[in-house]
Amino acid sequence: MRKYKIVLAIACLFILSVKCSKDEPTPDSELSAIEQAQLIEAKLGPIPTFTCEDGVLIPIYVNGIEVFEDKPDGACDNPDLKGACKVGSRIGRIQGTYENGDPRAEVVWVFFCRRGDNFAQMIGHNTTTGKTCFLELKDGYLPTNTFLQPNVDVPTPKDAVYNDAWKAPKAIAIQGCNDCHRSDPFIHSRWVVGAKMPNNPNEPVLPELATPSSPYCIIGPDFKNWELKHTYIQGNSCLSCHRLSNINSWNSSNNTDWNLYMPPNNPGSQASDYQEIKDYILNNLSIEDVPPCN
Ligand code: HEC
Ligand code: HEC
C-alpha cells in the first residue's frame, strides 16, 4: 500500500510538472527571425539585401599611408576594436525605403562584414523616431569569399530561407550588442570611419547622425532588457556634439587617444574635458539612460 502511494505521488508530481511547464507563460517572447523582421519593417520599411563585396573596403594606414597587407596588432594608425590591423573588412550604407521603393530619408541601414567572421551584421536606424534594429546572419549559413565574408545577396524577409539565414532576436539579444553600441546605434572607430563613400572621398560610409539628444531604442520585445546608457557630465564640452559611453569614448583594448582627433576642427583643445570623461568611465560615474524613442 505504502509503495503504491509513493508511486502515485511521483506520478502526480510528474503530471503536475508537465502541466506547469506547459501553462507557464514564457518569461521572454522569443520571436522567430521572420516575426522580428515584421516588427522591424513596420518601423523602418523593407529590410534590404546586400552582398559583402558591395561594401567599401576599410583601409589600414601606417604613418598616414594606406597599406594592403596585414600588420601586427597595434602596428597601424587605425586599429579595429581588438587592436588588429588586418585588411579586407567591408562596410556599406543603404538608404531606407518605403514599401513601394520610394526613398525614406530618415532611415539608414549599415551592413558590416568583418574579415573572418563567417557572417555579416546590419544595423537599421530611423533618425526621427530613434528606433533601431541589430541583425546578424547565422554563422556559416551563406557561401563566403576567402575572407569568410558572405558573397551572395543575403536573404530578405521575402525569401523563404530568411529564418534559416538570420539569427532569431533572442540569439542576438544575448550577445549584448548594446555592451558597446551603448549610447548610439553606430560606433565611429578610427578604423571604420576610414571607409569613404565611393562618390565622395570626404564622407564616411558610416553616417554621422548622433546628437546629444537624439532618441535611441531597440525594436522588439526580446531586447527589452538591453540597457542603453551614456556618460553624462554637466558642462563637459566633449559632450556638446554627441554622446559617449564606455567603449567609444576610451577603448582600453586599442587605447584610442581621442584627444588626437577631437574636436574635429581643433584636436587636443578639450584635453581636460576628455580626461574628465576617462576618469568618469573608469569609475563608472554619472551614467544615464539615453533619450528614449519618440
Ligand atoms: C565588444 C564591443 C562590441 C559588441 C559586443 C558589438 N559590437 Fe558592433 N562594433 C563595435 C565596434 C568598436 C565597431 C566599429 C568598428 C571597429 O572598430 O571594430 C562596431 C561596428 C559595428 C557595425 C558597423 C557600423 C558601426 O557602428 O560602426 C555593425 C553593423 C555592428 N557593429 C553590429 C553589431 C551587432 C549586430 C552586434 C551584436 C550581435 C555587435 N555589433 C556587437 C563593437 C562591438
Ligand atoms: C564640434 C563637435 C564635436 C566635439 C566638440 C567633439 N566631437 Fe567627437 N565627434 C564629432 C564628430 C563629427 C564625430 C564623428 C566623426 C569622426 O569620428 O571623426 C565624432 C566622433 C567621436 C567619437 C567616436 C564616437 C562613436 O561613434 O563611437 C569619439 C569617441 C569622440 N568623438 C570623442 C570626443 C571627445 C573625447 C571629445 C572632447 C575632447 C569630442 N569628441 C568632442 C564631433 C565632435
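**Cores, ligand shell and a loop glycine**

Let me begin with Phe111, which, once its neighbours within four places in sequence are left aside, is in contact with Phe50, Gly55, Gly92, Ala120, Gln121 and Met122. I should say at once that what we are looking at is a predicted model, and that what I describe is computed from it.

Phe111 also belongs to the largest nonpolar core, a set of 37 residues, in which Phe111, together with Ile91, Val110, Ala120 and Cys133, touches the most other members. If we ask which elements each supply at least two residues of this core, the list comprises two helices, H2 (33-44) and H4 (169-173), along with E5 and E7. Of these, E5 contributes the largest share, namely seven residues. There is, besides, a second core, separate from that one, which has six residues, among them Leu244, Trp258, Tyr274 and Ile277.

To put the cores in context, the protein chain has 12 strands and six helices, and 32% of its 294 residues count as buried. When we take the contacts in the protein chain between residues at least 6 apart in sequence, 66% of them join residues that are at least 24 apart.

I turn now to ligand 1, which has 24 residues around it, and of those the ones that come nearest are Leu81, Phe112, Cys177, Cys180 and Ser189. Which elements give two or more residues to this shell? They are three strands, E5 (103-113), E6 (121-126) and E7 (131-136), and E6 gives the most, with three residues. Strand E5 therefore appears in both parts of this talk, since E5 gives two or more residues to the shell around ligand 1 and also provides seven residues of the largest nonpolar core. Sorted by class, the shell around ligand 1 is made up of 16 nonpolar residues, five polar ones and three charged ones.

Finally, a word on Gly268, which sits in the loop that runs between helix H5 (246-249) and helix H6 (271-282). Is Gly268 buried, exposed or partly exposed? Gly268 counts as partly exposed because 13 other C-beta atoms lie within 10 Å, whereas a residue would need 20 or more to be buried, and 12 or fewer to be exposed. Leaving aside the neighbours of Gly268 within four places in sequence, we find Gly268 in contact with Asn259 and Leu260. As for Asp257, which is 11 residues away from Gly268 in sequence, the distance in space between the two is 10.0 Å, taken from C-alpha to C-alpha.

Technical notes
Residues numbered from 1 in each chain as written. Chains lettered and ligands numbered in written order. Predicted model: local features only at pLDDT ≥ 70, side-chain atom pairs only at ≥ 80, totals over all residues. Near = placed C-beta within 6 Å. Helix = DSSP H or I, 4+ residues; strand = E, 2+ residues; numbered from the N terminus. Nonpolar A, V, L, I, M, F, W, Y, C, P; charged D, E, K, R; others polar. Core = buried A, V, L, I, M, F, W, Y, C linked by C-beta atoms within 7 Å. Contact = placed C-beta atoms within 7 Å.
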